[in-house]
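Let's walk through this model together, chain by chain and contact by contact. Please keep the viewer open as you read.

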Amino acid sequence: MSSFEPLIAVFSCHYCSYAAADLAGSSRIQYPPNIRIIKVPCTGRVSANHILKALERGADGVYVAGCLEGTCHFISGNYKAQKRVQYVKALLSEINIEPERVEMHFMSAAQGSKFAAVAAEMTDVIKELGPSPLNHSRY
Amino acid sequence: MGKGVLVIGGGIAGIQTCLDLADQGITVYLVECLPCIGGKMAQLDKTFPTNDCSICIMGPKLFEVERHPKTHLLAYSEVEAVSGQAGDFTVKVRKKARYVDEEKCTACGLCAEKCPVTLPDEFNLGMSTRSAIYKHFPQGVPSVYTIDKSACRVFQGKKCNICAKVCEAKAVDYEQEDTVFDLNVGAIIVAAGFDVFEPSDIKAYGYGTIPDVITSMEFERLINASGPTGGHLERPSSLNTKTEVKQLERRIRKAKARVKSLEKDGGRSSEEIQETLERMNERLAIIRAREASLQEVKEIAFVQCVGSRDFRYNRHCCSFGCMHSVKEAIVAIEHSAELQSTIFFTDMRAYGKGFHEYCMRGASEYGIRFVRGRVAEIGQGDEDRPFLWCEDMETQEVNKHPFDLVILATACVPSKGIEKLAKMIGFELDESGFVRTDSNTPTSTSANGVFVCGCAQGPMDIPSSVSMASAAALMAGRTLKALG
Amino acid sequence: MEEILTMVEEFDRILVLGCGGCTTVCCAGGAREVETLATLIRMDRKQKGKPVETLEAVTELQCEPESVKPILEKLANQYDVVLSMACGAGVQTVAQLFPNHNALPALNTLFTGRAEEHGVWTENCLACGDCVLWRTGGICPVTRCAKSLMNGACGGASEGKCEVSKDRPCAWQEIYHALKRLDKLHYLKQEPQVKDWPVHPGKVVREDLREGEATRVD
Amino acid sequence: METELRIGVFVCHCGINIAGVLNIEDLCRYADTLPNVAMVQANVFTCAQKGTSEIEKVVKEQGLNRVVVAACTPRTHEPIFRACCQEAGINPYFFEMVNIREHCSWVHRHNKVYAQAKARDLIRMAVARASFLEPIGTFSSRVEPKAMVIGAGVAGMTCALAIADQGFEVILLEKEVRMGGLLRHLHKIAPCDVTASKLIGEKVAAAEKDDRVKCFTSARVEEVTGCIGNYVVKFSSGQESYTDKVGVIVVATGGVPLEPVDLFNYDGKRVITQSQLEARLKKGDIEAKSVVMIQCVGARIPERNYCSRICCMVAIKNSLHMKKAVKDAKVFVLFRDIQAYGVENEALFLKAREEGVRFIRYRLDNPPVVEDGRVRIYHPGMGKEVSLPADLVVLSTPIVASSDSEDLSKVLKVPVDENKFFLEAHPKLSPLDFATSGIYLCGNARFPATVREATYQALGAASRASIILSHDTIERVGTVAAVEAELCSGCFVCVKVCPYKVPRMNENGKAEIEPMQCQGCGICVAECPAEAIRFRYASDEQITAACNALHAPQEIRSEN
């Protein structure tokens with residue numbers, strides 16, 4: 001299965017993690033091309049259904065990248081997102097899908113290298129877990 | 001309130017005061033002598049203490065100045081004469097000819113590619129070259145090309161016209177003339193900024209003779225993505241070696257081609273060309289060897305107060321030198337992790353918001369070494385790497401420190417055009433050559449209806465310039481209301 | 001979740017029916033939760049290689065037949081089973097109205113609760129049918145006292161906390177403080193009262209509201 | 001409502017930044033196959049004038065009603081393309097940008113095959129999202145031509161007088177019983193040696209005389225609601241309390257010198273602070289022969305990690321006055337780094353040394369020791385410890401945020417930094433604005449500042465405020481959430497969950513969101529159990545469409 005290239009959906013907030021992705025870009029920090037960024041005004045905008053929908057439509061992993069604790073442009077959006085990610089992890093384990101497929105990450109607009117590191121780390125984690133059980137049909 | 005306000009100088013101060021006035025519904029004429037607005041801040045790579053990329057945070061403002069309905073951007077223009085008094089000034093402005101029609105030019109850059117002339121690029125402080133038809137800097141506003149009359153072959157009587165032929169938009173027009181016109185304004189704001197002190201006067205520092213001793217502005221261009229090396233940090237000496245290799249290779253190719261053509265048509269005497277060819281090849285081999293032995297920049301030194309706090313040159317402090325060097329040290333280490341930066345300073349002046357914490361982080365996270373002491377002399381050691389003599393005032397030892405690169409934090413001196421402006425408009429300068437103001441009315445000059453903001457009034461950092469620019473906008477608006 | 005999955009195992013076309021009333025207010029059965037449940041079921045079945053078709057709808061009030069009828073009729077033959085995310089009353093309304101489709105409960109209805117804060121609901125009323133809150137300073141001993149004593153504390157509390165668990169305040173001590181605050185302490189001195197527990201299942205009839213003529217009461 | 005969807009996709013070379021890694025023609029061919037795409041075009045620099053005018057021309061010619069640009073980061077370039085769509089005659093929010101530079105070509109240079117596949121996915125997701133874009137208009141509301149300035153120190157008063165001069169009414173609040181702030185206690189102001197009380201006296205008189213400025217002393221702000229253009233402020237002055245509507249608010253609450261409790265055994269008699277020295281200089285009863293000043297007392301230390309900017313200059317000024325007040329007095333200044341920045345300050349620093357003030361450097365890890373009648377310090381020049389005679393020891397303490405700055409920050413819902421100074425929108429380019437529009441700041445409330453800096457910051461804040469006040473209406477973009485009444489079951493979730501407390505329950509039990517106040521974060525939209533809140537800027541349909549387009553069914557992921 002070494003040729004398995006996971007598809008990972010990322011919910012990035014406009015003010016912090018999207019800016020961190022830009023900084024990773026402008027500093028030319030290379031990271032695996034498995035992530036697909038969906039921009040939202042704030043990670044607080046991401047609901048449990050969005051994460052589930054992404055998994056159902058073919059993502060092998062999903063992570064929500066919000067601002068560092070206490071620096072969210074909208075004060076508490078990132079905490080809300082963290083809670084919803086925990087809720088989705090609980091739901092996933094109930095239908096025996098590995099909860100590690102969904103993760104919450106925090107980074108500031110200045111942490112380009114952290115954005116790249118998280119992208120690489122998540123790619124490895126999902127590679128470890130193999131394709132999502134929902135996508136068996138494709139392999 | 002029909003009349004508008006004239007703003008002289010298109011740096012960050014000029015831009016902010018222009019936008020504040022325009023947003024209040026007042027017509028503003030912004031005059032900038034260079035082809036594009038942006039001033040010194042546009043030449044910076046990053047800004048302290050947030051490490052934002054300078055042109056990224058400034059870009060939107062440049063666009064706004066050009067697009068705002070109430071602003072008239074007069075780039076590549078100069079103020080020639082000013083008459084009248086507060087509430088009713090008549091200003092003669094000369095808009096220098098760009099020999100390119102600003103409406104038609106789409107800044108596609110084809111002309112610059114094809115132009116045969118190459119000369120040092122002022123924006124990159126001479127470390128890279130540009131052509132006779134050029135754009136001041138990639139993100140510059142107005143985004144149009146300009147022909148440098150002194151360098152263009154057409155104006156030296158030669159038949160060239162390549163750029164006119166290549167230009168799809170037919171924007172090039174050699175017959176264009178300077179236009180001179182009068183503006184009637186109610187108030188004037190001087191935002192002429194500052195100049196960087198020319199450190200070659202200080203013989204002891206060897207600037208100009210030792211290639212690896214550069215000013216902090218030059219370093220900003222070296223690490224900038226749109227700079228001469230595309231952001232890759234290299235010692236100027238290795239840069240020169242590389243360009244020398246390229247030039248030699250080009251000359252050798254040309255010589256070989258001539259030798260071939262000579263042999264082809266009847267083998268006339270090509271011996272002396274043969275000799276120059278051998279000599280050039282030997283020279284090339286030597287330089288290639290030197291190029292191979294060049295290594296990456298490992299040790300950088302920052303020398304503070306170069307030409308400032310110094311009786312022989314400028315008594316005043318440049319206000320931002322310390323912070324500028326700490327930022328450059330941090331950005332350099334971000335470029336290549338194993339790099340070591342050392343700052344030689346007298347007083348670490350980190351007095352602004354977040355500044356001290358920024359320096360502490362520089363020391364703890366980035367391992368910047370701070371040595372308190374005035375650098376006495378800079379010389380060239382083995383493999384012509386620069387070294388500097390300095391007395392460490394903490395330990396009283398005087399010793400020699402070798403470095404790969406030495407960066408001089410040069411003084412902030414009044415811009416050269418300020419005397420001319422002062423005579424023309426009639427405001428006084430203080431003994432250091434900056435615009436004289438009173439601390440109760442910090443933006444009012446001695447001339448009624450004429451205001452000042454930014455470094456034209458004295459060395460200051462960007463937040464102070466921006467705040468003072470808004471203040472000057474208010475005072476100008478008030479003059480218009482009262483007298484305009 | 002396990003329970004629900006086994007419940008709907010044999011069905012291929014499921015209507016997940018939310019309710020816009022109480023279960024939406026307590027974030028258990030609104031349009032969002034319907035979508036979540038439907039997605040989870042689809043994902044689970046897809047894993048098991050038995051894909052399923054899900055329909056999602058929300059009634060205004062599932063305990064009110066008039067609000068349920070139009071929706072179910074509109075989707076008449078597009079589903080084999082109704083998985084209702086209403087309270088028990090809602091599920092039974094659907095079951096009665098449409099006997100040939102079984103109505104499966106997606107939620108375990110716990111209690112009529114009170115929202116202490118966003119996301120925290122506590123049981124405060126057991127619908128015991130004989131309210132004593134007027135004499136207990138607004139604190140219900142039936143639900144808040146572990147033994148539902150009606151006439152005073154059992155004495156097992158320590159530092160104001162019930163012997164049952166540390167973080168549960170003793171209802172009667174709270175009632176004492178409340179009455180002291182309202183200076184109605186004399187209520188405690190009244191002779192003990194017996195609770196008139198109602199007969200379940202209760203039924204309430206308001207003749208004045210019902211259709212048809214009024215039954216003559218002479 | 002809308003005729004058939006016609007999406008235009010513009011793929012940018014961005015010189016070699018994108019084209020160097022990605023095959024632009026392949027992206028264009030692929031984009032052409034996507035649903036609802038009417039036209040695809042590539043150009044070398046989409047953001048240059050040539051690119052935008054090209055988009056305008058094509059949108060008009062081909063009758064496009066959605067635009068997707070695949071280029072660089074929307075954070076800097078979205079406004080440019082939005083304006084271009086507006087000029088082309090379509091709603092600026094019928095525009096979707098996908099970043100194939102910073103998020104693709106620049107970071108996946110080494111495996112071009114996957115970078116190309118990723119770019120195709122990103123474009124497909126953008127086109128899918130574009131099909132669900134909704135028009136967003138702007139709405140305007142009236143601006144109350146009145147300002148409120150909180151704090152009547154030199155900054156607050158200068159700002160209030162400046163705004164009044166522009167012709168607007170000003171409400172000036174001062175916490176203390178009398179106006180004037182710190183300057184009331186100071187003796188002289190460097191560098192032009194104006195007596196502080198005269199300077200501030202003039203301003204107080206002007207403020208009281210100017211009928212456009214309404215001054216309230218011992219005042220406190222109780223509650224602030226509303227938003228830019230019409231803030232409703234409840235404040236009390238003494239016993240009475242008032243409610244008033246203002247268009248803008250300026251925070252000029254200043255700061256206070258730190259009381260150096262148990263530092264260098266401070267006793268307020270023989271070991272005093274600079275402000276106490278100024279009070280004595282003002283009264284003229286000073287006769288200490290030998291004075292030792294100590295800088296950075298309680299500043300530039302881990303707990304208070306900032307330099308308070310002005311205490312060096314205050315010390316230098318006072319040392320000069322000491323020299324004048326007491327004949328051949330000996331004055332020592334023990335410093336770590338003298339912050340005499342700029343032209344005037346450096347000149348004054350020079351003058352002090354010429355007058356014989358002795359400056360001795362000390363290190364943080366080896367501070368001077370204050371004893372009875374003398375101060376012991378390690379003198380780096382001499383390499384040994386010296387003891388200086390000290391009839392008087394003066395401690396230069398930093399300006400710290402006033403104690404109630406945190407409460408005011410809660411009332412105004414504006415942030416403070418770790419040292420409790422108010423946090424401006426951008427430290428470099430908008431130092432006088434708050435992130436919340438319509439509220440401005442100046443003077444020590446932002447960060448310690450000299451009188452000259454406080455003055456031009458105050459004038460600057462007045463200018464920023466006049467921008468709003470000079471227009472009688474203000475435009476707001478409609479990227480906000482809105483409740484659909486018929487779906488709402490009145491469950492109060494949005495009211496509880498909104499970080500800005502914007503949603504309200506209206507009289508018929510349905511939630512309502514005031515468009516002017518909503519910040520557009522979308523937290524309530526994702527929390528509402530009835531999914532009753534519409535958010536045109538990032539609607540559920542758009543996000544779901546992006547998820548659906550994550551992976552194209554017919555394209556097998558593992559081809560490499």
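The paragraphs below go from the overall form of one chain to its contacts, and then to some chosen helices and residues.

A word on conventions: this is a predicted model, in which local features need pLDDT of at least 70, side-chain atom pairs count only at pLDDT 80 or more, and totals for chains, interfaces and linings use all residues. Residues are numbered from 1 along each chain as its sequence is written, while chains are lettered from A and ligands numbered from 1 in the order in which they are written.

Let's begin with chain B. Its secondary structure amounts to 12 helices and 23 strands, where helices (H or I, at least four residues) and strands (E, at least two) are DSSP runs numbered from the N terminus. The C-alpha trace of chain B spans about 85 × 65 × 35 Å along its principal axes. What radius of gyration does chain B have, with its 484 residues? The value is 25 Å, which agrees with the figure near 23 Å for a compact globule of 484 residues; the radius is taken over C-alpha atoms, and the globule rule is 2.2 Å times the number of residues to the power 0.38.

Of the 484 residues of chain B, 49% are buried. A residue is buried if 20 or more other C-beta atoms lie within 10 Å of its own, exposed if 12 or fewer, and partly exposed in between, with C-beta atoms placed from the backbone. Two residues are in contact if their C-beta atoms, placed from the backbone, lie within 7 Å. Among contacts in chain B between residues at least 6 apart in sequence, 68% join residues at least 24 apart.

Now look at how the chains meet. Which of the five pairs of chains in contact share the most contacts? That pair is chains B and D. Their contact takes 59 residues from chain B and 48 residues from chain D. On the chain B side, helix 1 (12–23), helix 3 (54–67), helix 10 (355–366) and helix 12 (462–483) each supply at least two residues. Helix 12 of chain B gives the most, with 12 residues. By type, the side of chain B that touches chain D holds 26 nonpolar, 20 polar and 13 charged residues. Here Ala, Val, Leu, Ile, Met, Phe, Trp, Tyr, Cys and Pro count as nonpolar, Asp, Glu, Lys and Arg as charged, and the others, Gly among them, as polar.

Chains B and C, on the other hand, do not touch, and their nearest C-alpha atoms are 37 Å apart. Chain C does meet chain A: 12 residues of chain A are in contact with 12 residues of chain C. Helix 2 (48–56) and helix 3 (77–94) of chain A each bring at least two residues to the side of chain A that touches chain C, and helix 2 of chain A has the largest share, six residues.

Back in chain B, find helix 7 (residues 236–264). At 1.5 Å a residue, its 29 residues should span 42 Å, and its end C-alpha atoms are indeed 42 Å apart; the expected span is 1.5 Å times one less than the number of residues. Its buried residues are S237(B), S238(B) and T241(B), and what covers them includes helix 8 (271–292) of chain B. P236(B) is also in helix 7 of chain B. Is P236(B) buried or partly exposed? With 19 C-beta neighbours inside 10 Å, P236(B) counts as partly exposed. Leaving out residues up to four places away in sequence, P236(B) touches P211(B), D212(B) and I214(B).

Helix 1 (residues 24–32) of chain D has two sides to compare. L27(D), Y30(D) and A31(D) are buried. Seen down the helix axis, these buried residues fall within an arc of 100°, so they line one face of the helix; the arc is that of the directions from the helix axis to the C-beta atoms. On the other side, E25(D), R29(D) and D32(D) are exposed. The cover over the buried residues includes strand 1 (7–12), strand 2 (37–43), strand 3 (66–71) and helix 5 (112–130) of chain D.
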